[in-house]
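User: I am new to this structure and would like a close look at a single part of it, namely the charged side chains. Please take me through how they pair and where they stay unpaired.

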Amino acid sequence: AGAIWQTAIKTKAKIEEAKGGVLFIDEAYRLFQEESTKDFGREAIDEIMAAMNTGDVVMIFAGYRKEMQAFMGGNPGLFRRISKQFFFEDYKTDELTNILKLNVKLSGFQLDTEVTDEQLTDIIERKTIARQRAQMNGGIPQQMFRKAKWFLDERLDMDACEDELMTFNLGDLENSLEEMKNNWSQFAPDDEEGDIRSSVINLEVGRDSLVS
């Protein structure tokens, strides 16, 4: 919106569209900018609170837990109007495996018959750290899938049959996680770098032990 009053008008229009249904507001904490010089978010929140009093629209505010706690803490009037709160735990590694398999299937690809759920869960566990899984969550299998397609293309030549072009082996997926781990290490907070390096060292030691 170019001016604060335009925010109120646009918010009212969206609320009107949602009457009798649901208005889903993702990353709702972005409406509350404590240090902002232009209070666009406050205008939107005021309109939302007014609509919540009528009961014509079901409002769902979504976002990361820490940011949402700050958002609610800075808006006591809004908090009073919210009757239910739900907290979703991060996906476990076996659940990330299931999401990956679903992404592969829905996209028309497939996994090599020798790739097992246990192997997928194991490489996700070994090649990611808890902090990375917490921040990326369901984004891990999505990125795995996108990067695995690149490694699949790199691995095959022009003579590959259609079935081969659509089939991931374990190496494709492991390589995708390795690249994700390297990218993560470039942007991880300082206190995470040691954890990443330790996980790499432990992984290499484990391999050496298996070989010997």
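Analyst: A search of the whole structure, which is a predicted model, finds 13 salt bridges. Side chains of opposite charge can pair when their charged atoms come close. Some of these pairs are taken in turn below, with the exposure of each partner.

Start with R30 and E27, whose side chains meet in a salt bridge at 3.1 Å, N to O. R30 is exposed, because its relative accessible area is 56% and the cut-off for that class is over 50%. E27 has 32% relative accessibility and counts as partly exposed.

A second salt bridge joins the side chains of R65 and E89, with an N to O distance of 3.9 Å. This pair links distant parts of the chain, 24 residues apart. R65 belongs to helix α3, which covers residues 65–73. E89 sits in the loop between α4 (76–81) and α5 (93–106). For exposure, R65 has a relative accessible area of 40%, so this arginine is partly exposed. E89 reaches 63% relative accessibility and therefore counts as exposed.

The next pair is D172 with R155, a salt bridge of 2.8 Å from N to O. D172 lies in helix α10 (residues 170–187) and R155 in helix α8 (residues 139–155), so the contact ties together parts that are 17 residues apart in sequence. The two ends of this bridge fall in separate exposure classes. D172 is buried, because a relative accessible area of 2% is under the 20% limit. R155, at 39%, is partly exposed.

Salt bridges can also share residues. Here D122, R126 and E174 are linked in a network of salt bridges.

That leaves charges without a partner. D157, D159, E162, D163 and E164 form a negative surface patch. Residues of such a patch have over 30% relative accessible area and no salt bridge. E164, one of the members, lies in helix α9, residues 162–165. Its relative accessible area of 39% makes E164 partly exposed, and this value is over the 30% that a patch requires, so E164 can be counted in the patch on that point.

To put the parts side by side: R65 and E89 connect a helix to a loop, D172 and R155 connect helix α10 to helix α8, and D122, R126 and E174 make up a network. The acidic residues D157, D159, E162, D163 and E164 instead form the negative patch on the surface.

Definitions and conventions. Residues numbered from 1 in each chain as written. Predicted model: local features only at pLDDT ≥ 70, side-chain atom pairs only at ≥ 80, totals over all residues. Heavy atoms only, no water. Patch = residues over 30% accessible without salt bridge, like charges linked within 9 Å, V, L, I, M, F, W, Y side chains within 5 Å. Areas by Shrake-Rupley, 256 points an atom, 1.4 Å probe, with all protein chains shown as cover. Salt bridge = Lys/Arg side-chain N within 4 Å of Asp/Glu carboxyl O. Lys, Arg positive; Asp, Glu negative; His and termini not counted. Charge placed at Lys NZ, Arg CZ, Asp CG, Glu CD. Helix = DSSP H or I, 4+ residues; strand = E, 2+ residues; numbered from the N terminus. Buried < 20%, exposed > 50% of the residue type's maximum accessible area, 1.4 Å probe, protein only.
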